[in-house]
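Student: Could you take me through one part of this model up close? I'd like to look at a single chain and then at where its partner touches it.

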Amino acid sequence: MAETIPDWLEQAGRRPEGGLRFLDRHERERWCGWAEIRERALAVAGGLLAIGIERGDRVALVFPTGSEFFAAFFGAQLAGAVPVPLYPPVRLGKRGEYVRRTAQMLERAGARLVLADSRLRRFLGEAVTAAQPDLGCRTLAELPQDAYRTVPAEPADLALIQFSSGTTVDPKPVALSHRAVAAQVEILNDFWRDTGELRHSCVSWLPLYHDMGLIGCVFPALARDATLTLIAPEVFVARPAVWLRAISRYRGTVSPAPNFAYDLCVNRIADAEMEGVDLSCWRTALNGSESIAPAVLRAFCDRFARWGFRPEALTPVYGLSEAALAVTFSDLDRLFRSRRFDREALSRKGAACEAEEGREIVSVGRPVPGFRLRIRDEAGRDLGAGRVGRIWIEGPSLMEGYLGHPEATARAFRDGWLDTGDLGFVHQGELYLTGRAKDAIILRGRNYAPEEIELAAEGVAGVRGGCVVAASWLPEDAPGEALALFVEASREATAAELEALPAACREAVLGATGLVADQIVVLPSGALPRTSSGKLRRSETLRLYLAGELAPAGEAALPLTAALAEDER
Amino acid sequence: MTDEAILAGIQEVARLHLAWEGALTPDMRLVEDLHLDSIRLLTLAAEVENRFRVFLDELDEGAIATVGDLVSVIRRKLGG
């Protein structure tokens with residue numbers, strides 16, 4: 001059995017059937033078989049070794065979705081190096097922000113070299129200048145043509161590094177071994193075994209720097225020598241129908257996406273774009289990597305039933321990059337399960353009691369084979385079924401750790417178990433997620449560090465320095481998570497500054513991070529909860545707010561502003 | 001095509017695809033003033049390309065930060 005990713009590449013490269021099918025924005029296809037990818041990767045590996053790349057060196061990759069990404073990715077692995085896929089820039093986005101993010105990630109990953117697409121390379125100049133990887137930045141064409149040489153990988157070697165969030169403040173590089181990735185891919189492929197009548201095929205528009213795209217779609221296809229149809233994420237966002245049409249055209253059986261993508265399809269696909277589409281082939285529509293809104297699942301089923309979409313295809317799942325990807329799966333071929341739970345009991349007692357009028361939560365299923373799960377209290381004691389607590393997991397595909405962060409790694413692990421920082425409970429054997437204890441903001445399948453958002457608002461006139469909290473949660477009946485910003489007004493703030501605060505904070509956050517704050521809550525000095533050492537408690541702030549207990553006590557003159565975004569919500 | 005016509009076209013795209021009902025002026029910033037996050041920026045880029053039949057190569061064009069920047073890039077692409 002293959003134990004490393006290059007082993008799979010070698011196996012797949014010897015058989016001619018499988019490969020990658022790239023669809024461009026005009027839905028024209030370009031085919032690239034695994035054998036061709038391997039050939040190109042071997043050339044890259046030779047070039048990397050010729051310029052001095054050594055075993056274990058990190059090589060950052062900045063490419064759009066396309067065959068070059070794979071030549072670079074597998075080429076780095078064949079050279080014994082560790083690929084670090086990074087985000088390409090957002091269209092029309094801010095250059096300064098992108099450059100800062102990228103420079104941070106290059107530094108944190110300790111990249112010795114950046115390989116980039118020839119067009120993106122010019123754009124990356126400043127980030128590379130700031131991070132100074134010692135072998136600089138090159139395109140694949142700029143690597144020397146050298147004899148094919150490879151450095152074999154061991155199962156315990158690092159296979160890749162992925163960032164759990166692409167933020168400028170403290171991005172955490174998640175380091176995964178070949179053994180962990182192989183274990184995860186085996187788990188996934190066991191869910192869709194080929195039979196005599198059925199050969200599974202996957203369609204994905206997910207970014208290749210994202211665990212669900214790379215580990216969830218690319219590696220399983222490679223390991224089975226299957227075909228994967230890939231659409232660039234920017235093509236999907238501009239024309240969501242391209243995704244559904246591709247599933248129909250290539251008879252895709254498995255295709256995953258975060259919650260927001262299903263919502264985007266409901267809102268942005270016109271009937272005319274669906275002409276001739278038949279989605280009855282789509283057996284498993286995985287939904288993961290951000291909070292799942294039951295309203296979105298229902299709307300998607302209703303909207304696309306006409307084109308053959310089977311409601312039982314929708315499969316809510318839970319995972320995280322620290323576990324290589326999947327941790328729990330709902331039963332396949334079963335209508336998604338949601339239950340209603342008493343709000344009071346959930347928020348005050350941390351107890352899950354079914355209640356007819358309660359808050360609806362979608363089940364994310366049971367641990368995938370090989371994984372175990374425990375719900376624990378803050379002190380690390382196991383809690384029983386129906387109790388809300390921190391989700392701890394144990395399984396064969398956990399990360400080695402956060403690269404270069406021994407303290408963060410030590411905090412995350414205890415006796416081989418990983419603290420996910422997510423909150424939830426087990427009800428009738430299935431996991432339900434209720435929120436997060438960790439300081440992470442997850443919007444549209446992407447993680448952000450709250451510090452970055454808070455920092456942006458701190459510069460606004462009238463805001464008390466160091467007294468801003470950013471948090472996101474899934475409001476009931478909302479199509480996705482909402483971002484809230486809690487700011488303490490400074491005692492010296494003028495009336496005019498106070499009035500302008502919400503709009504000014506919103507603008508500052510947008511400008512610095514590109515995120516739209518759905519709610520901005522202005523509070524008097526001292527209203528935010530803190531630890532005994534004075535650190536802000538983010539999840540407690542959100543809990544108090546949702547429980548209606550974060551009222552600006554005493555200083556009633558201050559406006560409590562809840563500015564709901566006028567855009568898509 | 002005149003700048004006014006291009007601006008009117010962008011206005012139409014913003015209304016249809018971004019639910020932006022207000023007036024657009026060249027000095028408006030795409031992110032701060034139009035409240036466009038990354039998904040909506042992408043939508044704007046794609047829909048503008050569709051409408052004007054151009055390909056916005058912002059990597060070559062330099063930064064497009066305002067509505068006015070967008071108008072000039074489209075004008076250049078259209079050969080105006």
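Tutor: Sure, let's start with burial: of the 80 residues of chain B, 35% count as buried, meaning that 20 or more other C-beta atoms, placed from the backbone, lie within 10 Å of a residue's own. Keep in mind that this is a predicted model, where local features need pLDDT of at least 70, side-chain atom pairs count only at pLDDT 80 or more, and totals for chains, interfaces and linings use all residues. Residues are numbered from 1 along each chain as its sequence is written, while chains are lettered from A and ligands numbered from 1 in the order in which they are written.

As for the fold, chain B has four helices and zero strands (DSSP runs, H or I of at least four residues for helices and E of at least two for strands, numbered from the N terminus). Its radius of gyration, taken over C-alpha atoms, is 11 Å, close to the 12 Å from the globule rule for 80 residues, so chain B is as compact as a globular protein of that length. That rule is 2.2 Å times the number of residues to the power 0.38. Along the principal axes, the C-alpha atoms of chain B fill a box of roughly 30 × 25 × 20 Å.

Now the partner: 18 residues of chain B are in contact with 22 residues of chain A, where contact means C-beta atoms, placed from the backbone, within 7 Å. On the chain A side, helix H5 (118-131), helix H8 (233-238) and helix H15 (495-513) each supply at least two residues, and H5(A) gives the largest share, four residues.

How values were computed
Contact = placed C-beta atoms within 7 Å. Buried ≥ 20, exposed ≤ 12 C-beta atoms within 10 Å, placed from the backbone.
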